[in-house]
Amino acid sequence: MDGIDLTVHEGEFLTLLGPSGCGKTTTLMMMAGFETPTEGRILIDGQDVTHKPAFQRPLNTVFQNYALFPHMTIFDNVAFGLRMRRLPEAEVRRRVYEHLEMVQLRGFERRYPWQLSGGQQQRVALARAIVNSPRVLLLDEPLGALDLKLRREMQGELKKLQRHLGITFIYVTHDQDEALSMSDRIAVMNRGRIEQLGTAAEIYERPRSRFVAEFIGETNLLPARIVEQRDRSTLVDILGIIGRLTTHRYPQSEVYASIRPERIRLASSDEPGVEGRVWDTVYAGPVVQVLVHIPGTDEPLQVIAPPGTHLARVYPGEAVRLTWDSEDVVLVA
Amino acid sequence: MLAPITLWLLAFQVVPLLLILVASFASRGRYGGIVYKFGVHNYVRFLDPLYLDILVDSVGVAALTTAICLLIGYPFAYFLAQQPLSRRHVLLLLVVIPFWTNLLTRTYAWMIILRGNGLLNTWLMGLGIISEPIEILYTMGASVLGLVYVLLPFMVLPLYASIEKFDHRMLRAAYDLGATPWQAFRKVMLPLTMPGVIAGSIFVFIPSLALFFIIDLLGGARTILIGNLIHRQFTQARDWPFGAAASVILTVMSLVLIFLYVRFFNHETERVDA
Amino acid sequence: MGRWGKRLLGLHAWLVFAFLYLPIVVLVAFSFNASRLNVVWEGFTLQWYGEMVRDAAIVRAARNSLIVATVSTIVSTLLGTLTAFALARHRFRWKRWLEGLLYIPIILPEIVMGISLLAFFALVGMRLSLTTMIIAHITFCAAFVSVVVRARLHGLDRTLERAAMDLGANEWRTFWKVTFPLVSPGIIAGALIAFTLSLDDVIISFFTAGPGSTTLPLYVLSMVRLGVNPKVNALSATMLVVTFLLMTIAYLLPMGRRMRRAATGGQDQPGQII
């Protein structure tokens with residue numbers, strides 16, 4: 001890990017998003033108490049738990065492979081945490097039934113984990129964690145082993161559950177669609193650092209680094225040159241089109257402009273535009289994806305054309321002129 | 001947590017072995033004890049044709065046993081690997097069961113069968129195939145039979161493991177490219193199942209050198225191999241230093257084989273993976 | 001592979017099975033044979049079993065075998081389990097050495113181990129008795145137990161322990177409530193294997209047994225040298241059945257295959273010894 005500084009708000013759904021090896025699971029494990037940071041502290045509700053072992057922390061984890069105890073019934077699995085705290089049996093029974101009801105698995109108490117499907121096991125793992133009323137629930141890619149349809153369903157269920165219970169969820173995933181749809185805030189991680197922390201909209205529309213721009217959604221990265229920098233605006237030259245952006249100052253004069261494919265359109269005759277030739281069109285159902293080769297660049301420009309527009313009807317080889325609005329450009333280093 | 005086992009093994013495994021090593025250089029006392037006059041005379045004795053023969057015979061018997069086990073075991077393991085999964089569990093269990101039962105009693109069973117007036121002879125004579133009982137018991141052949149019988153599962157299990165991992169579609173590809181079944185076997189299947197072949201061979205070869213009582217019981221007084229030789233030094237002949245030297249030689253042979261296996265295995269698995 | 005090839009392969013396999021089981025069947029069958037000679041069938045009888053049970057020497061040998069096996073099993077299971085845990089859970093500098101040390105009893109030819117212990121006991125002036133035999137048995141059994149338990153530990157899903165801790169169990173309670181129940185089939189299997197190895201052992205027992213400490217295999221060995229004997233038949237058949245039963249239990253332990261698969265995270269295969 002390269003230095004993480006993160007504050008999680010009470011009751012929020014925070015996702016750690018990033019490619020494999022970026023450190024998101026390690027961060028989660030540090031929070032849970034299974035890894036110790038070399039430097040730094042971890043605080044829960046203001047209390048320093050950095051050196052407290054996992055069983056003394058007020059949080060619970062849903063593991064990637066569920067980790068249900070194979071030698072115990074579903075009931076005993078869910079009851080485990082409560083029994084560790086030596087709650088009276090009557091209370092344990094009440095809570096276990098209540099939570100099994102919550103995940104729609106009432107009636108499965110006497111079964112064993114290997115008798116359940118993947119989705120059912122996942123819900124048991126969830127119930128087993130939540131029944132302890134943790135301050136924070138950590139989820140390590142819990143939906144990874146499920147098929148697509150089931151995954152979508154469970155995403156909705158998890159979000160509903162979180163809102164209903166009000167527990168803080170810290171969720172780890174590498175699937176950006178999952179992150180964008182479920183989270184209040186997302187921390188995009190790369191190589192042991194947090195590259196950007198913000199809401200889904202902020203991350204998508206205002207990526208702060210090249211990595212975030214490329215990792216989230218599709219984008220075009222075009223070489224840009226800073227012409228002039230003023231206090232509240234910057235003049236930038238992108239492929240010959242000069243635009244004015246309200247943006248931060250950038251130290252280098254060579255930066256990249258990130259423009260999302262859906263923000264590029266055909267230039268009308270009185271607008272400045274970039275000349276290019278259509279290289280290929282891909283019919284993608286709701287939209288048409290157009291790849292345009294611009295002289296002087298290596299990669300073709302990706303453009304998403306809404307149905308019915310003139311752009312949606314171009315054919316390969318045709319010459320076009322493209323443009324975009326300056327507000328849709330984000331400069332990244 | 002590890003102190004007890006380490007101490008125990010050091011005391012009762014390592015020290016005794018070192019003792020043997022040291023004793024192998026000592027000499028036999030007049031009445032059979034150990035006299036601490038050191039030299040390599042015990043090892044030199046092995047250059048004597050009498051003892052060299054024993055060494056050579058031992059290696060020969062072990063090699064023969066291994067070869068027979070391989071020839072019988074390979075098709076058998078192949079058959080097992082072809083069976084549907086449900087059957088395989090049962091069949092493997094059936095292969096392993098005899099292996100679990102007592103070695104001695106199984107050897108004894110062969111004695112019953114192979115005796116001069118034992119089952120086999122009576123049966124053959126009854127069928128009119130022979131007119132006089134054949135002497136099978138108390139020959140080298142019987143020893144080999146006994147060894148093969150006892151060690152066959154050791155060959156079959158590693159072979160099975162290797163063959164099971166083999167992708168049979170490669171054979172189909174070989175046929176497609178014009179190979180005859182024999183060529184496909186020799187050039188595709190055999191090299192790729194070689195780890196199993198080597199493992200099985202080692203698991204058979206090493207015990208073949210050491211299972212002296214099988215050779216004793218089935219091979220009779222005439223058959224002396226290195227195992228029996230060692231046994232004798234510690235019982236009738238009372239020449240402990242010589243027995244120790246023979247043991248050292250036996251151990252070294254085993255270690256060399258294992259070492260070669262480990263080297264081969266690491267090398268081959270890299271090659272096959274690549 | 002042609003139809004004939006397949007037929008041939010199947011035939012070969014059945015012949016091998018027949019070969020493997022023939023001596024066992026013969027032995028058990030003839031233990032009920034009224035004839036002394038083990039050649040023709042002369043009627044069913046339990047006479048030999050009766051004589052076997054009344055034979056004082058056999059009873060004594062059985063008692064010795066049980067004592068040695070029980071004590072060896074208990075001690076070696078404890079030692080072996082501790083070792084397996086220490087090796088599986090910790091890293092330390094001389095781990096490799098210890099692993100190597102543990103493999104010595106397994107790969108060393110038994111005769112070498114036997115004579116080395118004989119020499120050792122002679123050197124320290126310890127008279128051969130049941131105690132020396134027990135020491136010998138513990139030495140090789142502990143290594144086997146550690147291998148078996150370690151294999152089971154290795155296949156155990158580590159996140160199960162993390163899950164237990166996450167839910168509030170400290171190390172001690174995690175061990176008792178999660179780790180131990182899941183490893184115990186392996187420990188029991190290891191104990192049963194140790195017991196069987198001890199009961200069946202011939203070579204090492206031969207060299208470390210004192211005059212009054214004959215065990216069943218040693219008794220059979222001495223009797224068998226004198227030729228075939230119906231009481232020995234009965235005894236052998238009994239030993240066969242007992243060891244077979246023990247090992248079957250060790251293999252098919254209470255935990256069903258499904259649960260085993262879940263505990264190892266999906267890696268159960270046919271032929272796996274645990």
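Biologist: Why is A:R86 called exposed in this predicted model?
Modeller: A:R86 has 8 other C-beta atoms within 10 Å. A residue is exposed if that count is 12 or fewer, so A:R86 is exposed.

Biologist: Where is A:R86 found?
Modeller: The residue sits in the loop between α2 and α3 of chain A.

Biologist: What makes the phi of A:R86 worth a remark?
Modeller: The phi of A:R86 is near 60 degrees, a positive value in a residue other than glycine. Most residues other than glycine have a negative phi.

Biologist: How do you know that A:S133 counts as exposed?
Modeller: A:S133 has 12 C-beta neighbours inside 10 Å. Exposed means 12 or fewer, so A:S133 counts as exposed. The phi of A:S133 is positive too, at about 45 degrees, although A:S133 is not a glycine. A:S133 lies in the loop between α4 and β5 of chain A.

Biologist: What makes α4(A) mostly covered?
Modeller: Of the 13 residues in α4(A), 10 are buried. Buried takes 20 or more other C-beta atoms within 10 Å. The buried residues include A:Q121, A:R123, A:L126 and A:I130.

Biologist: Which elements do the buried residues of α4(A) pack against?
Modeller: They pack against β4 (59-62), α2 (74-84), α3 (89-102), β5 (136-140) and α5 (148-165) of chain A.

Biologist: How does the reach of α4(A) compare with what is expected, and what is the expected value?
Modeller: The helix covers residues 118-130 and reaches 19 Å from its first C-alpha to its last. At 1.5 Å a residue, 18 Å is expected, and the reach is close to that.

Biologist: What is the wider setting of this helix in chain A?
Modeller: Chain A has eight helices and 18 strands. Its C-alpha trace spans about 80 × 45 × 30 Å along the principal axes. Buried residues make up 36% of the 333 residues in chain A. Among contacts in chain A with a separation of 6 or more, 63% come from residues 24 or more positions apart.

Biologist: Why is one side of β13 and of β16 of chain A left without a neighbour in the sheet?
Modeller: The sheet is open and has five strands in the order β13-β17-β14-β15-β16, with antiparallel pairing. β13 (265-266) and β16 (301-305) stand at the edges with a single partner strand each, so one side of each has no neighbour in the sheet.

Biologist: How do you know that β13(A) pairs with β17(A)?
Modeller: Two strands pair if there are at least two bridges between them. Two bridges join β13(A) to β17(A), residues 319-323, and the two strands run antiparallel. In β17(A), A:L322 is the bridge partner of A:L266.

Biologist: How many bridges does β16(A) have with β15 of chain A?
Modeller: β16(A) and β15, residues 287-293, pair in the antiparallel sense over five bridges. A:L291 stands opposite A:Q302 in β16(A).

Biologist: What makes the side chains of β16(A) alternate?
Modeller: A:L301, A:V303 and A:A305 point to one face and are buried. A:Q302 and A:I304 point to the other face and are not buried. In a regular strand the side chains alternate between the two faces of the sheet.

Biologist: How do you know that chain A and chain B do not touch?
Modeller: Their nearest C-alpha atoms are 20 Å apart. A contact needs C-beta atoms within 7 Å, and chains A and B do not touch.

Biologist: Which of the two pairs of chains that touch has the most contacts?
Modeller: The most are between chains B and C. There, 66 residues of chain B are in contact with 59 residues of chain C. Helix α1(B), residues 3-23, gives the largest share of the side of chain B that touches chain C, 13 residues. By class, that side of chain B has 48 nonpolar, 15 polar and three charged residues.

Biologist: How many residues does the contact between chains C and A take from each chain?
Modeller: The contact takes 19 residues from chain C and 19 residues from chain A. On the side of chain C, α7 (159-166), α8 (171-200) and α12 (257-263) each supply at least two residues. The largest share, six residues, comes from α7(C). That side of chain C divides into 11 nonpolar, three polar and five charged residues.

Biologist: What pLDDT does chain B average, and which of its elements has the lowest mean?
Modeller: Chain B averages a pLDDT of 82, and 94% of the residues score at least 70. Among the elements of chain B, strand β2, residues 34-35, has the lowest mean pLDDT, 72, and helix α3, residues 49-82, the highest, 89.

Terms used:
Residues are numbered from 1 along each chain as its sequence is written. Chains are lettered from A and ligands numbered from 1 in the order in which they are written. Helices (H or I, at least four residues) and strands (E, at least two) are DSSP runs, numbered from the N terminus. The expected span of a helix is 1.5 Å times one less than its number of residues. Ala, Val, Leu, Ile, Met, Phe, Trp, Tyr, Cys and Pro count as nonpolar, Asp, Glu, Lys and Arg as charged, and the others, Gly among them, as polar. pLDDT is the predictor's confidence in each residue, from 0 to 100.
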